[in-house]
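Got your viewer open and ready? Follow along stop by stop, selecting as you go.

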Amino acid sequence: MPLNRRKFLEKSAVTGAGVALAGAVPAPGAQAAEAREGERGVKRYAFTVLGTTDLHGNVFNWDYFTDKEFDDRDHNDVGLAKVSTLVNRVREEKGRRNTLLIDAGDTIQGTQLSYYYAKVDPITAEGGPVHPMAQAMNAMGYDAAALGNHEFNYGIPVLRKFEQQCRFPLLGANALDAKTLRPAFAPYSMHRLRTPFGRDVKVAVLGLTNPGIAIWDKANVQGKMTFPGLEEQAAKWVPKLRSMGADVVIVSAHSGSSGTSSYGDQLPYIENAAGLVAEQVPGIDAILVGHAHTEIPEYFVTNKRTGKQVVLSEPLKWGQRLTLFDFELVWEKGCWKVEKVGAQVLNSNTVEEDPKIVALLSDEHEKVVAYVNQVIGTNAAEMTSAEAPYKDVPIIDLINHIQADTVKRALAGTEHAALPVLSQAACFSRSARIPAGEVTIRDVAGLYVFENTLEARLMTGAQMKAYLEFSANYFVQTAPGAPVDPAKLTNANGTPDYNYDVVSGLSYEIDIAKPAGSRVTNVRFEGQPLADDATFVFAVNNYRANGGGNFPHVAAARLLWSNSDEIRNTMIAWVKAKGAIDPAGFAAVDWKLTRNGTPVF
């Protein structure tokens, strides 16, 4: 069956056909009273759709960067092994045949487990392994999954191999072939749930991914795929699904519900459009929301054309929650109608890991643990990122030092070799730590958790000032003399840590007493005020260079050099080659927060 379905998927990539799948087979003895005949012969049927999103390579409740069980301040747990236990319990309660299990994307990137099987022991190698996420999701009996933007991080060949290894379709109605403008993946899947009343319930799952892929993974998709807006494609496909006899239409959308975009007007399509889809497109019963990494147990949006309430739910991230959409249907005028639908989320920290998933993937887990604990060098003094969002700390200087050094060596012998090199870096994790003494792969990898690559762009002094000013929007305006709580000083207007850049090679101050747009002062290069017409090479990650975060000027700046190696790997190789890290050789306080010229810290 997997081989035949793979051929079907390949065909659907050309024709734009969907995937039709039969309903789930009931587990032995798993019978639930989900169908009943009420007063005067009214027939009713209930079923549940379970949903996950943003799993990001988490199978086990394990943090490969700290080499211990995952824990956070809210004591969340992570991983499909935990989710599987929740799924099994719901199926036992509802009856296996009365459930579907779907996902809303960002599956194969995010942990060292997923990285290992994309790069170290790649699934694309001849006779290579089956991706752990495919193994786990196949074992759990997923029915469909939407594509996330991070599915494209490792390139299309890795994604296609993962697709082949999954015994369920990867859906992306708005992931189009750039030449034919036909769906490059199955747009939808159709599922039949058997009822005792003779007529099956047909449930359509429409998959929508994020338009931002065109920016964030430009190098992997440009000229190959294009990603139009979610609202446009939903408006095209939902009526088709209804005309094909779908009694229930569910959208699995790798797109948040806020209606905003991190990339400004660089694309004519909204990044977080799930709420707009519910509002604008008639005929949708529920939307599984992804991408935003937020917890939304149940949220209703009124469709403007029909007045119908559409339920949305987002189960946080990493397998920390499981969404349950509970549907109640009634048989009216020869067809099934949705009478009621609600949503809730279950917390994976309430259960133990499913021993079936643990047994299935323990070997893969142990391989990755051994890999990340390889010693690659030594470090003279401990460095941490705990204060990195509001202080100039050595651990962020290390990123910039390695990036600048890499770019200088790459441009040696070129016409731009004599230009000074600046570099940007952000705090991706407030828990990163490189200890004194032996340094392992996981120590360095934990500092750079994204699959970004490095570029060199040509920038002017004036452009760098504007770049710094935009970055300073990250801070909450704080009056002189007011108490300063570091926990409340950052992330203004929801700006994530990864969208606050510090720049090495310049010195500057950020006056948080001033309003956004007029905060950066005393910008200097080599001790002198920065000239607007000065020219620099800017070492910058590809996410930022391609417009991620909507920083000014950099996306339009001239590209001088780029490579395809992840910055994380560049850092690991640099530490291996040097054999030793000494913060005294690169760490300096080049930027600081002030209020009316007085340092905050």
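Before the first stop, one term: a polar contact is a pair of N or O atoms within 3.5 Å, where, within protein, one must be able to donate a hydrogen and the other to accept it. Keep in mind, too, that what you're looking at is a predicted model.

**Stop 1: Ser429**

Select Ser429 and show its side chain. You'll see a polar contact between the side chains of Ser429 and Ser431, at 3.0 Å. Zoom out a little and you'll find Ser429 in the loop that joins strand S21 (421–426) to strand S22 (433–434). Is Ser429 buried or exposed? Its relative accessibility is 19%, and buried means under 20%, so Ser429 counts as buried. Now add Ser385 and Gly446 to your selection: Ser429 touches both, leaving out residues up to four places away in sequence.

**Stop 2: the largest cavity**

Time to look for empty space. Rolling a probe the size of a water molecule over the atoms shows where such space is left. Here there are two cavities of 30 Å³ or more. The largest has a volume of about 100 Å³. Its lining is made of 16 residues, and those closest to the centre are Asp392, Ile396, Asn400, Val502 and Trp591, so pick these five. Then colour helix H11 (394–411), S21 and strand S25 (501–504): each of them supplies at least two residues of the lining. What kinds of residue make up this lining? Ten are nonpolar, two polar and four charged.

**Stop 3: along H11**

Stay with H11 and check its length. Its 18 residues should span 26 Å at 1.5 Å a residue, and the end C-alpha atoms are 25 Å apart, which agrees. Many residues to click on here are buried, including Ile395, Ile396, Leu398, Asn400, Val407 and Leu411. Step just past the helix to Gly413, which takes a positive phi of about 85 degrees.

**Stop 4: the second largest cavity**

Select Thr107, Met137, Ala145, Ala146, Leu147, Glu151, Phe162 and Leu170, which line the second largest cavity. About 30 Å³ of space lies inside. This lining has six nonpolar residues, one polar and one charged.

**Stop 5: Gln463**

Finish at Gln463, in helix H13 (residues 461–471). Gln463 has a relative accessible area of 21%, so it is partly exposed. Leaving aside neighbours within four places in sequence, its contacts are Leu458 and His553. For a last look across the model, draw a line from Gln463 to Gln320: their C-alpha atoms are 41 Å apart, with their positions 143 residues apart in sequence.

Terms used:
Residues numbered from 1 in each chain as written. Predicted model: local features only at pLDDT ≥ 70, side-chain atom pairs only at ≥ 80, totals over all residues. Heavy atoms only, no water. Helix = DSSP H or I, 4+ residues; strand = E, 2+ residues; numbered from the N terminus. Buried < 20%, exposed > 50% of the residue type's maximum accessible area, 1.4 Å probe, protein only. Contact = heavy atoms within 4.5 Å. 1 Å grid on protein atoms, 1.4 Å probe; cavity = no way out; pocket = protein on both sides within 12 Å on 5 of 7 lines; lining within 4 Å. Points joined across faces, edges and corners; volume = space filled by probe spheres on them. Nonpolar A, V, L, I, M, F, W, Y, C, P; charged D, E, K, R; others polar. Expected span 1.5 Å × (residues − 1).
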